[in-house]
Amino acid sequence: MTQRIVLSSVATVLAASAAAPAVAELKYENNSGGYVELYGQFHPVIVSVDDGEETETRLLDNDLSNSRVGLRLMQPYGSNEFTFWFETGLGLPSTGSANQDGTNNDGWSREDLRHVDFALRGSYGKFSAGQGSMASDGAAEVDLSYVGTTLYSFTNDENGAFFYRQPDGLLSAITVGDSASNFDGGRRGRIRYDTPDFNGFSAAIAYGQNILSDSDDDDYYDLAVSYGNTFANGVEFAASIAYAVRDFDDSSGERKDTIGSASVLLPSGFSFTAALGTRDDTAAGASDPDYWYAKVAYEDDWISWGQTGIGIDYFDGSDFNNEGSSTKSWGIAVVQRIDSINTDAYLKYRSHDFDGTVDFDNNEAWALGARWRF
């Protein structure tokens, strides 16, 4: 039934995508080499989630890459570049807040602010200050595949707030998001330094706090090392590794994450991506989860609209939510580029199998969406 509901909506979503106008680049340059650029995106998705007993189908904003608007400013200053970056989500009803009890429709809040970031770049590297990415942001999500637009190491975007169904038919208090994570770094009010690129290698270090939350006074600090290169035979490779610490303000302990990911894209169109992570949490009662993730994908220009990507992935986690638990998840997706309207349309299936205090019913999700950028 779920498949029929989602597949019958394909024509609707593609028609809506085709109706989106192609917008010229909103970039305004000055006579000193600087510019101001306005941009944004709209990302509706039809999500259908089956918790083993009931199916919920809704039209939402995809938390995978939410609808947003932003502004970038760059101004040369001698041999340096000064930049300012502002970006905010639109606060639309989101997949991140939808579950069996409904959807949070509270609208925009300050937590939708993504970037209010000032930076100075030169031969010495780059110094950043303000709300923005910590050094570990993206370290678990290095992915060169085109299908990575929707299928990547974070597996909870479409149904993360849904509760697992217990064997007795009742809903548990454990969500899909509780049972899996890639531990990727986030955005904070921070200061950050990035080194220059050295033959494809670079490093970053940051310290920050969650300035958008009244209830989080913890300290966050991390460092990351990244590498990327395209070799003479056309093979592309990228990798990153990071170490991140959250120091709890109530002196209850620390949470330490070690994460890494790597991806290779071959000239044939095949790509292989992997990620892994471990967590050491010293807070009382906390478990120390770990995971590994793998994906194989293929992409080609099969039709005149633009590139097509397909892929299948697998996530294996242990000790999420409680010690001794087991999380298995797999997904499959196809993504179609529509160049004429700068849109990526996709269809994805994801299955979560969580064996925690009991063996919960599988949670399955179909997602049919389109991301239009301007």
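The exercises below work through a predicted model of one protein, each with a solution in steps.

Residues are numbered from 1 along each chain as its sequence is written. Because the model is predicted, local features need pLDDT of at least 70 and side-chain atom pairs count only at pLDDT 80 or more, whereas totals for chains, interfaces and linings use all residues, and side-chain values use heavy atoms, with hydrogens and water left out.

**Exercise 1. The overall form**

Task: Find how many helices and strands the protein has, and state what its radius of gyration says when set beside that of a compact globule.

Solution: Begin with the elements, where helices (H or I, at least four residues) and strands (E, at least two) are DSSP runs numbered from the N terminus; the protein has two helices and 23 strands. Next, take the radius of gyration, computed over C-alpha atoms, with the globule rule being 2.2 Å times the number of residues to the power 0.38. For 374 residues a compact globule would come near 21 Å, and the protein has 21 Å, which agrees. The C-alpha trace spans about 70 × 55 × 45 Å along the principal axes. Finally, 48% of the 374 residues count as buried, where buried means under 20% relative accessible area, exposed over 50%, and partly exposed in between (1.4 Å probe, protein chains only).

**Exercise 2. Two asparagines with positive phi**

Task: Locate N199 and N342 in the chain, and decide whether each one is buried, partly exposed or exposed.

Solution: Start from the background that most residues other than glycine have a negative phi. N199 has a positive phi of about 55° although it is not a glycine, and its place is the loop between β13 (187–194) and β14 (201–209). With a relative accessibility of 72%, N199 counts as exposed. N342 also has a positive phi, about 50°, without being a glycine, and this residue lies in the loop between β21 (326–338) and β22 (343–355). Its relative accessibility is 28%, so N342 counts as partly exposed.

**Exercise 3. Salt bridges**

Task: Give the number of salt bridges, then examine the pairs R192 with D194, K328 with D316, and D339 with R337.

Solution: Side chains of opposite charge can pair when their charged atoms come close. The rule used here asks for a side-chain nitrogen of Lys or Arg within 4 Å of a carboxyl oxygen of Asp or Glu, and by this rule the count comes to 19 salt bridges.

- In the first pair, the side chains of R192 and D194 meet at 2.8 Å, N to O; R192 is buried at 17% relative accessibility, and D194 is buried at 16%.
- In the second pair, K328 and D316 meet at 2.5 Å, N to O. K328 lies in strand β21 and D316 in strand β20 (residues 306–318), so the pair ties together parts that are twelve residues apart in sequence. K328 is partly exposed at 30% relative accessibility, while D316 is buried at 13%.
- In the third pair, the closest N and O atoms of D339 and R337 are 3.1 Å apart; D339 is partly exposed at 47%, and R337 is buried at 17%. Salt bridges that share partners join R337, D339, D344 and R371 into one network.

**Exercise 4. The nonpolar patch**

Task: Name the residues of the nonpolar patch on the surface, and find which element gives the largest share.

Solution: Patches are made of residues with over 30% relative accessible area and no salt bridge, with like charges joined within 9 Å and nonpolar side chains (Val, Leu, Ile, Met, Phe, Trp, Tyr) within 5 Å. The members are F270, F272, L276, W292, V296, I312, Y314, W330 and I332, which together have about 810 Å² of accessible area, as given by the Shrake-Rupley method with a 1.4 Å probe, counting only the protein chains shown as cover for residues. Two or more residues come from each of β18 (270–281), β19, β20 and β21, and the largest share, three residues, comes from β18. As one example, Y314 is in strand β20 and is partly exposed, with a relative accessible area of 30%.

**Exercise 5. A buried aspartate**

Task: State where D157 lies, and whether D157 is buried or exposed.

Solution: D157 is placed in the loop between β10 (125–133) and β11 (163–165). Its relative accessible area is 4%, so D157 is buried. As a last step, the C-alpha atoms of D157 and T357, 200 residues apart along the chain, are separated by 24 Å.
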